[in-house]
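Colleague: I should be grateful for a close look at a single part of this model, namely the surroundings of the bound ligands. Please treat the site as one connected picture.

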Amino acid sequence: MADANNVLEVQEIHTFIGQFHILEGVTVTVPSGSITVLLGRNGAGKTTTLKSIMGLTPPSQGSIVLEGQSLVGRRPFTIAQMGVGYVPEHRAIFRDLTVRENLAIAQRKGDDLERRADFIFGLFPDLKRFYNLPGGNLSGGQQQMLAVARALVPENRLLLIDEPSEGLAPVIIESLIEAIRRLSAQTTVLLVEQNFRVASILADRYVIIDDGRSVVSGQIQDLVQDEALVQRYLGVA
Amino acid sequence: MQRTRGTYMLILTLTVGLLVFSFVTSAGDLGSFGTTLLSGLFLGALYFLVASGLSIIFGLMDILNFAQGAYFMIGAYVTYSLFHMDALKGIDVNLRFPLGVLAGTIIGGLLGAVLERGLLRPLYARPIFQLVLTFGVAIVFGEALKAIWGTEGYGWSTVTSFGIHQSQFEIFGRQFGSYRLFVVAVGVALIVLIGLLLQRTRIGIIIRAGVEDSEMVEALGINVRAVFTMVFTLGCAVAAFGGAIAAPFLGANLGMGNAFLLPAIAVVVLGGLGSYMGTAIGSFMVGLAVAVIARFASEFLNQTVWASITPMLLLILILLLRPSGLFGKESR
Ligand SMILES: Nc1ncnc2c1ncn2[C@@H]1O[C@H](COP(=O)(O)OP(=O)(O)O)[C@@H](O)[C@H]1O
Ligand SMILES: [Mg+2]
């Protein structure tokens, strides 16, 4: 079962939030170097899957293994330190902190911020221009870029990115797609994306979550061709 | 931006209003006006030392620490009793006071750490229980102080280090205690120091980020629980420090806890929950309001009770007129 080519293996996890049984068996494998996308309707459990991996809503059952090490039962800060970067939905940057401070907070002992800064500003030149401005003053697209950039400060093994294109203008989405493509050359990505076009451009693999369960997975090109499947679980054509 | 300018105008208007009111009612007696002003600044500095912890702890951890006043009181009692303890009389008087303050501050901090680690941490999933718990702890601390030191309050003896306590300075033909000025200076120094800590250091960035979204801070690899313990400890230590430096002037008594907790709550609400700048400015505004109204009430109404209910009246007014406070977020 354990495959050395997978950065992440999530097996049959169940997660409760309060007394609500939100995830009822989610299995996701993320091959090294890939972009894997979680698809599914609103409320299907995609965000909860990412939060369960991150330890923010710890699963009560099932296993989560990052390159051979179990993540279950560990606190979120430890999981982050083990090399998992998290870009939450709704662009949750720190609005009162400057761009510099938003990035600095993610820095760990021994990180070479200079070298990472070159890489990050290469991807997102705007962030360099607004370095000393509060995050709250940035546009929606810039805030999303900051949220992604923040997760790039440490050299993570896996990035969890939740709906990066949500609410952004088409041109901004194009540059974000480009940035995620470039960063995926360095880091494996598990993406949640409602915009099916964006998902199909970026991803190698997909996993469909429906009603708290993973129901289908495979190569994204196969899904693009399977209109019936797309219609059934995603309600888009 | 518009709102920020409005806020500063409001602060200016209220402050000037209070000063004019005080000036007019002191009927041209500059000495009396000066005393009220100094008394307001003195109270403001002490309110800040209680309110700063209250505000940062609330912003970061969503805990309204009702025991914050008790820590102030503990600082005062510890410093008082070490300074006056017979066994320690051999220590030079100029050393005894700073040592007493240090001990009061450290004991306050340690008791803060115990409260957070031992009692609050298991209850992070149940905020209402935490509120009830800090309330209970405040009562327990009060009873413990009563058991150790009795119900009678203590007035500071006339001896103090560096002669600070006795020394006076004169303005407008009136004598003012230098010690109050010293407390004001210490308060201002701490406003700057804590402000620098929040703005310039890594832990400060973490605290400010945590006030916005502590879950996200944790997801970036920072042990937020350890930060909680540290902030709670420091917040209690600063309150105890306030009690410690207040002791030479106010002595130590069981009424101190509430006398400083209630204004501090008013300060935090006035300043806007979680706003450091608001807490600093709000402290001096509430201090001034209490001093002005106390003076007015004792001189014209023959009723000192107005002074003690002023913080609560202010709190109610703020909640009715501007619930988000001066610098609070419009909605959260
Ligand atoms: N804090 C919460 N309390 C109760 N239910 C929640 C909570 N968070 C999410 N849910 C529920 O869990 C389900 C999955 O949510 P989520 O993982 O956010 O879905 P998705 O990201 O796929 O849109 C939804 O039905 C949502 O209402
Ligand atoms: Mg979601």
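**The ligand site in chain A**

Modeller: Sorted by class, the shell around ligand 1 consists of four nonpolar, five polar and two charged residues. The model is a predicted one, and the predictor assigns the complex an ipTM of 0.93 and a pTM of 0.91. The residues that surround ligand 1 include A:Ile17, A:Phe20, A:Ile22, A:Arg41 and A:Asn42, and the list continues with A:Gly43, A:Ala44, A:Gly45, A:Lys46, A:Thr47 and A:Thr48. Of the secondary-structure elements, β2 (20-31) and α1 of chain A each provide at least two residues of this shell; α1(A) gives the most, with three residues.

Several polar contacts may be described individually. A polar side-chain atom of A:Lys46 is placed 2.8 Å from an oxygen atom of ligand 1. For A:Gly45, a backbone N or O atom lies 2.9 Å from an oxygen atom of ligand 1, while a polar backbone atom of A:Ala44 is 3.2 Å from an oxygen atom of the ligand. On its own, ligand 1 has 560 Å² of accessible area, of which the protein covers 59%.

A:Thr47, a member of the shell around ligand 1, also takes part in metal coordination: the magnesium ion (ligand 2) is coordinated by A:Thr47 through OG1 and by A:Glu89 through OE, at 2.0 to 2.6 Å. This pair joins distant parts of the chain, 42 residues apart: A:Thr47 belongs to helix α1 (residues 46-54), whereas A:Glu89 sits in the loop between β6 (84-87) and α3 (99-104). With a relative accessible area of 18%, A:Thr47 is buried; A:Glu89, at 22%, is partly exposed.

Definitions and conventions: Residues numbered from 1 in each chain as written. Chains lettered and ligands numbered in written order. Predicted model: local features only at pLDDT ≥ 70, side-chain atom pairs only at ≥ 80, totals over all residues. Heavy atoms only, no water. Donors = N, O, S within 2.8 Å, 3.2 Å for Na, K, Ca; no water. Helix = DSSP H or I, 4+ residues; strand = E, 2+ residues; numbered from the N terminus. Buried < 20%, exposed > 50% of the residue type's maximum accessible area, 1.4 Å probe, protein only. Near = heavy atom within 4 Å. Polar contact = N/O pair within 3.5 Å; in protein donor to acceptor, adjacent residues only side chain to side chain. Areas by Shrake-Rupley, 256 points an atom, 1.4 Å probe, with all protein chains shown as cover. Nonpolar A, V, L, I, M, F, W, Y, C, P; charged D, E, K, R; others polar.
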